[in-house]
Amino acid sequence: MTFEASLSWEVRKQSGVHFTPLELARFVANQTMLACQQQPRTGSLSILDPAVGDAALLDAILEFAPISHEVRVVGFDTSQDAVQHATARIATSRRPNLSWDFRHEDFLEHVLAHYNGNASDDLFPSTREQFDLVISNPPYVRTQVLGAEKSQLIARRFGLSGRVDIYYAFLE
């Protein structure tokens with residue numbers, strides 16, 4: 001049984017989980033890597049996935065990334081099961097020079113803890129991590145589902161108004 005199939009409809013709806021279909025992941029990955037080829041490269045690639053899920057999009061990116069590049073991946077997910085599944089999926093990669101750090105942590109909580117909207121704020125203050133590429137299929141959850149206090153905090157911090165989905169905060 002796939003990770004996606006193991007989740008009930010209620011759990012998927014409440015958490016906003018929408019898995020990236022393999023064909024879409026491969027298309028996006030190919031287009032992303034084509035665009036990256038136009039940028040100067042250092043021989044390494046650092047990737048952030050703030051909602052890693054089952055790692056389908058990340059796995060596709062790794063398939064299209066130049067094999068000569070050292071690749072470092074950081075992924076976040078609120079589901080421990082998703083983190084375990086993503087780890088297992090990426091661990092089977094035969095890609096040389098690949099390192100990963102999947103975190104069982106809410107990316108938006110991480111942002112709220114480290115970023116106040118100032119240009120000098122650093123989302124990763126302890127490690128000074130920087131990323132060449134940010135990929136994501138963020139959760140799609142109406143902010144009302146999060147409760148008034150958290151919704152208002154996210155709205156203030158990211159300059160959002162009205163009835164919005166949290167993927168807007170991911171984009172910001």
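Two strands count as paired if DSSP finds at least two bridges between them; helices (H or I, at least four residues) and strands (E, at least two) are DSSP runs, numbered from the N terminus. The model is predicted, so to speak of local features requires pLDDT of at least 70 and side-chain atom pairs count only at pLDDT 80 or more, while totals for chains, interfaces and linings use all residues. Residues are numbered from 1 along each chain as its sequence is written, and side-chain values use heavy atoms, with hydrogens and water left out.

**Exercise 1. Work out how strand 2 (residues 70-77) is placed and paired.**

Step 1. Begin with burial, which means under 20% relative accessible area (exposed is over 50%, partly exposed in between; 1.4 Å probe, protein chains only). Six of the eight residues in strand 2 are buried, leaving the strand mostly covered.

Step 2. Look at one neighbour. Strand 1 (residues 44-49) runs parallel to strand 2, and six bridges join them. L48 has V74 in strand 2 as its bridge partner. Between these strands the chain passes through helix 3 (residues 56-64), in a right-handed β-α-β crossover. Right-handed here means that, with the strands pointing away from the viewer, the path from the first strand over the helix to the second runs clockwise.

Step 3. Turn to the other pairing. Strand 3 (residues 98-104) is also parallel to strand 2, with seven bridges, and R72 is partnered by S99 in strand 3. Helix 4 (residues 80-91) completes a right-handed β-α-β unit with strands 2 and 3.

**Exercise 2. Which residues touch the most other members of the largest nonpolar core, and which elements supply it?**

Step 1. A nonpolar core is a set of buried Ala, Val, Leu, Ile, Met, Phe, Trp, Tyr and Cys residues joined through side-chain atoms within 4.5 Å. The largest has 23 residues, and I47, L58 and F102 touch the most other members.

Step 2. At least two residues each come from helix 2 (22-36), strand 1, helix 3, strand 2, helix 4 and strand 3. Helix 3 gives the most, five residues.

Step 3. Now follow L58. Setting aside residues up to four places away in sequence, L58 contacts (heavy atoms within 4.5 Å) I47, D49, V52, V73, I90, F102 and I135. Another core, of 10 residues, lies apart from the largest one; L108, V111, L112 and L160 are among its members.

**Exercise 3. Is T32 buried or exposed, and what does T32 touch?**

Step 1. T32 belongs to helix 2. T32 counts as buried because its relative accessibility is 17%.

Step 2. The T32 side chain reaches the backbone oxygen of V28 at 2.7 Å.

Step 3. Beyond neighbours within four places in sequence, T32 contacts I61 and L133.

How values were computed: A polar contact is a pair of N or O atoms within 3.5 Å; within protein, one must be able to donate a hydrogen and the other to accept it, and residues adjacent in sequence count only if both atoms are side-chain atoms.
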